[in-house]
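Got your viewer open? Let's take a walk through this protein, one selection at a time.

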Amino acid sequence: MERYTKPAVLLHWIIALLIIAAFALGLTMVDIPGLTPTKLKYFSWHKWMGVTVLGLACLRLLWRLTHAAPAYPAHMPQWQQKAAHHLHALLYVLMFAIPVSGYIYTLSAGVPVVYLGLFPLPVFMAPDPQLKPLLKLVHYWLNMTLLAVVCLHVLAALKHQFIDRDGIFKRILP
């Protein structure tokens, strides 16, 4: 069976690990009471991971647009192929929407994003205390959607590995 290219595999796993780390850090940091140095540090790290995911997602999308994904096995039902296609498309949308929503939410709170503490990102909007709660909810629910979609993605991969035994999971392994 045809495999994904090495750059596609590398980008898949780096982005996956960064998303998991950013998600876990996001849950941890919001549970820290008050405004402590640790909480501020975690917020910065979370933002840096989000910016990195966005940049890598851009590279991944460019790679994907210029390199076809391996074909699904002929025995795979058409509905599963369509479901996989739509699930992957949703993952791409979320890889862009979540960092962008976090960035806009941060700007609405009046906090600039300085990538790695060195590179200030553009501030294209003034603080907006009325918009901030809505953007917080958008960012939260996009993340919860991503959690559900990733769980479905992992379950489908495990199904292909252990039930179907059709080699699809091996196509993306390093």
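Before we start, a word on names: helices and strands here are runs assigned by DSSP, with at least four residues for a helix and at least two for a strand, and they are numbered from the N terminus. One more thing to keep in mind is that you're looking at a predicted model.

**Stop 1: the whole thing**

Show the chain as a cartoon and colour it by secondary structure. You should find four helices and two strands. Follow the chain from the N terminus and the order reads α-α-α-β-β-α. Now zoom out. The C-alpha atoms fill a box of roughly 55 × 30 × 25 Å along the principal axes. There are 174 residues in the protein, and 33% of them are buried.

**Stop 2: the little loop between the strands**

Select residues 114 to 120. Strand β1 covers 114-115 and β2 covers 119-120, with Leu116 in the loop between them. What is the phi of Leu116? It is positive, about 60°, although Leu116 is not a glycine. Leu116 is also partly exposed, because its relative accessible area is 43% and the partly exposed class runs between 20% and 50%.

**Stop 3: the largest pocket**

Turn on a surface and look for the largest pocket, which holds about 1400 Å³ of space. Its lining takes in 49 residues. To find the middle, select His12, Leu87, His88, Leu91 and His153, the lining residues nearest the centre. Which elements give two or more residues to this lining? They are α1 (6-30), α2 (37-66), α3 (78-108) and α4 (132-164). Helix α4 gives the largest share, with 13 residues. Try colouring the lining by residue type: you'll get 36 nonpolar, nine polar and four charged residues.

**Stop 4: the second largest pocket**

Next, go to the second largest pocket, with a volume of about 1100 Å³. Select Met29, Phe43, His46, Tyr105 and His139, which are the closest to its centre out of 43 lining residues. Helices α1, α2, α3 and α4 each supply at least two residues here. Which helix gives the largest share of this lining? That's α2, with twelve residues. By type, the lining splits into 30 nonpolar, nine polar and four charged residues.

**Stop 5: a nonpolar patch on the surface**

Clear your selection and pick Val150, Val154, Leu155, Leu158, Phe162 and Ile163. Together they make a nonpolar surface patch of about 570 Å². Zoom in on Phe162, which sits in helix α4. Is Phe162 buried or exposed? Phe162 is exposed, because its relative accessible area is 54% and the cut-off for exposed is over 50%.

**Stop 6: a salt bridge**

Show the side chains of Lys159 and Asp164. They form a salt bridge, with their closest N and O atoms 2.3 Å apart. Why might two side chains pair up like this? Side chains of opposite charge can pair when their charged atoms come close. How many salt bridges does a search of the whole structure find? One. Both partners can be seen from outside to some degree: Lys159 is partly exposed at 26% relative accessibility, and Asp164 is partly exposed at 32%.

**Stop 7: past the end of the last helix**

Step along to Arg165, in the segment after α4. Arg165 has a phi near 50°, a positive value in a residue other than glycine. Arg165 counts as exposed, because its relative accessibility is 66%.

**Stop 8: get out the distance tool**

Finish with two distances, each taken from C-alpha to C-alpha. Begin with Leu61, in helix α2. Leu61 and Ile168 are 107 residues apart in sequence and 21 Å apart in space. Leu61 counts as partly exposed, with 31% relative accessibility.

Now select Thr38, which is also found in helix α2. How far is Thr38 from Pro174 in space? The answer is 35 Å, and in sequence Thr38 and Pro174 are 136 residues apart. Thr38 is partly exposed as well, at 34% relative accessibility.

Terms used:
Residues are numbered from 1 along each chain as its sequence is written. This is a predicted model: local features need pLDDT of at least 70, side-chain atom pairs count only at pLDDT 80 or more; totals for chains, interfaces and linings use all residues. Side-chain values use heavy atoms; hydrogens and water are left out. On a 1 Å grid over the protein atoms alone, a cavity is a set of points where a 1.4 Å probe fits but cannot get out, and a pocket is an open set with protein on both sides within 12 Å along at least five of seven lines; lining residues have an atom within 4 Å of a point. Grid points are joined across faces, edges and corners, and a volume is the space filled by probe spheres set on the points. Ala, Val, Leu, Ile, Met, Phe, Trp, Tyr, Cys and Pro count as nonpolar, Asp, Glu, Lys and Arg as charged, and the others, Gly among them, as polar. Patches are made of residues with over 30% relative accessible area and no salt bridge: like charges are joined within 9 Å, nonpolar side chains (Val, Leu, Ile, Met, Phe, Trp, Tyr) within 5 Å. Accessible areas come from the Shrake-Rupley method with a 1.4 Å probe; for residues, only the protein chains shown count as cover. A salt bridge is a side-chain nitrogen of Lys or Arg within 4 Å of a carboxyl oxygen of Asp or Glu. Buried means under 20% relative accessible area, exposed over 50%, partly exposed in between (1.4 Å probe, protein chains only).
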